[in-house]
Amino acid sequence: MGTQRNGFSKRETFILSVDVGTTSIRCHVYDKSASIRGSCSVSLLYPQPGWVEIDPEDLWKGFVTVVKGAVQDAGLQMCQMESLGISTQRATFMTNTGKPFHNFITWQDLRAAELVRSWNGSCTMKTVHGVMKMLHFLTRQKRFLAASLVVFTTQHVSLRLVWALNNIPQLRQAVEDGSCYFGTIDTWLLYKLTKGCGFVCSLLSIPLSILPRVQNTSHKFGTCDPSIFGVPIPIMSVMADQQAAMFGECCFDIGDVKITMGTGTFMDINTGNKPHTSVAGLYPLVGWKIGADVVYLAEGNAAGTGAAIKWAQDLELFSDVTETEAIATSVDDSDGVYFVPSFSGLQAPLNDPKACASLMGLKPSTSKRHLVRAILESIAFRNKQLFEVMLRETRIPITKIRADGGVCTNNFIMQLTADLLGRKIERPSHFDMSCLGAAFVAGLGTDNSSDIL
């Protein structure tokens, strides 16, 4: 019957993977062939327009709920879960003093927009404590091109952190007292899962002094405390969502491109062992590290993808998102109507955090069908913009393009994007690539592969 574990005979084991996205938390149970055996998801809510926050305790409760729900949906036992992989949204943070000081402020939050405008328009910028000075020359002269590379957006954590320090008096006092810690979604989940025993400092390369006290464990990121799920589950991977999706899409070669279309669109290209710098809004990322090999990505994003479709649904232009494809194809064109999907500003290549969403070209003949088509077209147009910037700046030959995310299920958007790019786009049958990528890396870690980040 094999060895005993927690009173059960040794049996087939599985990998849990959780993706904490912008609007939901999803968990899948994968078998060794990467097939989904069970799933569960919950939605995340936000307090007010422009303030895109997540309550830390609600996020933690949702995390536990989806893990238990997915295992139950699979008809399995927790003791059969061999490891856990986690994928989380980036550029989302909170501060705390043991307990959360405020809600997570997410990457879509706009309250720092005025600060962004001020910093981008200044010649000298100082950090909150005046530790660092940075020259920023706003000029179009080629000799100053390198100096103009520094462009701030509301998606930079530093800007939103400065906003918080300037607008929450208690937070500033806590920082001055040295009693405040800075945290992201992944560090918060590790802290809660391991009850303070997760090993995170070496992973993040940040000073121990600003993190809750942690201890090393036998597993890479620690082990889930048995009181949470009933058994100790090793945490074998923690990844940012877009890097996880890139890994899940198996974009391992230089020139491989991934387009994730969810709440926002994120387009990434594998740049190999060299990080890419940009003058138009692309930014370099560490994709992953296996052994001594580090893979870098260059990424551009457009914030208003699924958000634009949800807005149109709230206006009752349609009742179900699955109807949009048929509505868009029911007319020959948008009747001259164009939509600018900039509810959170416009990112690369325009980089204007104050840009407003707008509909243009309205006329008496405009119908709901034309509006729906214009909104879907705008998503494909933004994909075209990002792709052109990527080609122009990286000068890397494209090897393949793969798409994922909920919006890529829309055939109209996918076909128009492929037509505009003039390329074949591969679309997998399983769209939750962030979960799959985190599961892949967790599986590699479980198999005792070489050092993986």
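These exercises work through model confidence and salt bridges in the predicted structure above.

Residues are numbered from 1 along each chain as its sequence is written, and side-chain values use heavy atoms, with hydrogens and water left out. In this predicted model, local features need pLDDT of at least 70, side-chain atom pairs count only at pLDDT 80 or more, and totals for chains, interfaces and linings use all residues.

**Exercise 1. Judge the confidence of the chain, then examine two stretches with pLDDT below 50.**

Step 1. Take pLDDT, the predictor's confidence in each residue, from 0 to 100. Its mean over the protein chain is 83. A value of 70 or more is reached by 81% of the residues.

Step 2. Turn to residues 1-9, where the pLDDT is below 50. Beyond near neighbours in sequence, this stretch has 13 contacts in the model (heavy atoms within 4.5 Å).

Step 3. Do likewise for residues 448-453, where pLDDT stays under 50. Here the model has 17 contacts beyond four places in sequence.

**Exercise 2. Count the salt bridges and describe the one between aspartate 31 and arginine 37.**

Step 1. Apply the rule: a side-chain nitrogen of Lys or Arg within 4 Å of a carboxyl oxygen of Asp or Glu. The count comes to 13 salt bridges.

Step 2. Find the pair. Aspartate 31 and arginine 37 meet through their side chains at 3.7 Å, N to O.

Step 3. Classify by relative accessible area: buried is under 20%, exposed over 50%, partly exposed in between (1.4 Å probe, protein chains only). Aspartate 31 has 13% and is buried. Arginine 37 has 36% and is partly exposed.

Step 4. Widen the view. Asp31 and Arg37 belong to a salt-bridge network with Glu12.

**Exercise 3. Place the salt bridge between glutamate 57 and lysine 192 along the chain.**

Step 1. Check the distance. The closest N and O atoms are 3.9 Å apart.

Step 2. Assign the helices (DSSP runs of H or I, at least four residues, numbered from the N terminus). Glutamate 57 lies in helix α1 (residues 56-74), and lysine 192 in helix α5 (residues 185-194). At 135 residues apart, the pair links distant parts of the chain.

Step 3. Add accessibility. Glutamate 57 is partly exposed at 31%. Lysine 192 is partly exposed at 21%.

**Exercise 4. Explain the spacing of lysine 384 and glutamate 388.**

Step 1. Confirm the salt bridge. The side chains meet at 3.4 Å, N to O.

Step 2. Locate both residues in helix α11 (residues 368-394). They are separated by about one helical turn because they are 4 residues apart in this helix.

Step 3. Compute exposure. Lysine 384 is partly exposed at 24%, and glutamate 388 is partly exposed at 38%.

Note on methods:
Helices (H or I, at least four residues) and strands (E, at least two) are DSSP runs, numbered from the N terminus.
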